[in-house]
Amino acid sequence: MTGKWNYLPLTTEEQKLENELARRFSGCEPISELLVQRGITSVAEAEKFFHPSLRDLHDPFLMPDMDKAVDRLNKAMGAKEKIMVYGDYDVDGTTAVALVYRYLQNFYSEIDYYIPTRYDEGYGISKKSIDAAADSGVKLIIILDCGIKAIDEIKYAREKGIDFIICDHHVPDDELPPAVAILNPKLEGSTYPCPHLSGCGVGYKFMQAFSISNGIGTAELEGMLDLVAVSIAADIVPMVDENRVMAYVGLKRLNSNPNMGLRAIIRTCGMGGKELSISDVIFKIGPRINASGRMQSGREAVELLVARDIKDANARSLAIDQYNKDRKELDKRITDEANAILEARGEMHSPKKSIVIYNKDWHKGIIGIVASRLTELYYKPSVVLTLANGLATGSSRSVQGFDIYKAVDSARDLLENFGGHPYAVGLSLKEENIAEFTKRFEEYVANNITADQLTPQIDIDALLTFSRITPEFVSTLRLFNPFGPGNQKPVFCAKGVRDFGSSKLVGKQLEHIKLDLVDDTSGKVINAIAFNMAQHFDYIHSGEPFDICFTIEENRHRNATSSLQLQVKQIHTPR
């Protein structure tokens, strides 16, 4: 789908700041523009941005209830109470459980972990899990990446003598569960400086506070930031403030001395020796960890991430890799089925502003991925539902700028349960309520979404000629890593580029273009790849000028060799 290109030159005030920064980055003119766009107003701030440090992490005791959480944990350990670390079955939840469990194991042995099964128990806390905890003598449950809406379940746990510490980052309701402590930077009235932590990030802050309260050094905990980096990337939380610091340090750890389980995944992916990026985490590591919870059991992912034997880790990684292969096949089949239904409905030309689709036979572990695919294809907020445990259970995904949590919340009286973020929400409802939910969801979306939000947008950071793509520029651009929401990989626009004469179609169906490009500012030939844009090849091959928007990609290896390529996001031709 062709998107609208947006480029907003700097304002007069921003131009003044850019001129000041340009003196520091002379010879790399676009760099100062990129910095100003990210709210950086001085050379000192730029240096801090380029060199994230753990010194810049916030005091964990700024988070509401942190003192209560630490006191209750210390009390449990002092009284030799049995502790359970409980988490969601996705990447964020399993990395969080692995981090907290593994770290506390250094100081305490009466501790175990629990991951609910997606198909028997569903999301969050279940009475089945509470009964299991009570039967095994658990007195304290630390719950990670879920729990913020588990009011009835935590009341039930209290009746059985079990306390809860909630470490969550999902949007809370007005009524909160009766936990001993609730660590959630999104709580009403919270002034914690970084409100968009991942679930694993909240767990890390809890362990940081525990360490401070007990005078424990930080080296062991900081060595687990690779798990936090994986959670930040996979859960797509804003890459700003201390998220960016933790992702930066965690990514370095991932590239130097990763967690044994992550090392096994890296080897299984065939990425050994390559310098890993956030994109590698999102597209290679994250899906494999997720596949465990989608296809089998999230507990297997935790078992991998806490493994201490390399043979065991490699065996578990191979099993999870097979789950991922199975997931891909299932994902493709269900996506094709969903597309066939929507094409039969005439969805591409429908005036409706949203999609709700239901099939009782679809695999519950895949519907979130399918919702993402449909949102990408039709560029509408999408809900995909299937039948699980007697309820229509589903996942929703949104388009840029539209809060789908509020859309789902508008029909909360029809729902049995729901929770999530502005861009992704999980929900369940009775089958007989699907038609009314579909109607109400569409009404809310139609009344609140804008025309721009229903059109793919490509925000261009800077206009760039090929003469400016120098080794110094590329080296400085590398310092903008790690990328994510709030610090997206810069998108550039080059106007009037031409085929050098050697561009060609590639791919099994010749659907991609491998480009060799030149412009009027430089004699250098720039390599580029344009995926699924074969329809432009005849025009490009004619030698006529065209415009591209693109990102600059480097394939870097740990032996310092690298190659540079433009990844073309879209092509504009005069016809």
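**Notebook: a pocket and a helix pair**

I looked up which element contributes most to the lining of the second largest pocket, and it is H11, with 4 residues. I note at the outset that this is a predicted model.

**Entry 1, the pocket.** I next recorded the space in the second largest pocket, which is about 340 Å³. Two elements give two or more residues to its lining: helix H3, spanning 43–50, and helix H11, spanning 241–256. I then listed the lining of this pocket and found 15 residues. Those that lie nearest the centre are Lys-48, Phe-49, Val-240, Asp-241 and Arg-244. I sorted the lining residues by character and obtained 7 charged, 6 nonpolar and 2 polar.

**Entry 2, the helix pair.** I turned to helix H5 (residues 91–105) and helix H10 (residues 225–235), which pack with their axes 9 Å apart. The angle of this packing is about 165 degrees. Because of that angle, H5 is roughly antiparallel to H10, the cut-off for this term being over 145 degrees. I noted also that the crossing in which H5 passes H10 is left-handed.

**Entry 3, the contact.** I asked which residues of H5 and H10 make the contact. From H5 I wrote down Val-91, Asp-92, Thr-95, Ala-98 and Leu-99. From H10 I wrote down Leu-227, Val-228, Val-230, Ser-231, Ala-234 and Asp-235. I divided the residues of the contact of H5 with H10 by character, and they comprise 7 nonpolar, 2 polar and 2 charged.

Technical notes: Residues numbered from 1 in each chain as written. Predicted model: local features only at pLDDT ≥ 70, side-chain atom pairs only at ≥ 80, totals over all residues. Heavy atoms only, no water. 1 Å grid on protein atoms, 1.4 Å probe; cavity = no way out; pocket = protein on both sides within 12 Å on 5 of 7 lines; lining within 4 Å. Points joined across faces, edges and corners; volume = space filled by probe spheres on them. Nonpolar A, V, L, I, M, F, W, Y, C, P; charged D, E, K, R; others polar. Axes fitted to C-alpha atoms, helices over the stretch in contact; angles between N-to-C directions. Parallel < 35°, antiparallel > 145°, perpendicular 65-115°, else oblique. Left-handed = near helix turned anticlockwise from the far one by under 90°. Contact = heavy atoms within 4.5 Å.
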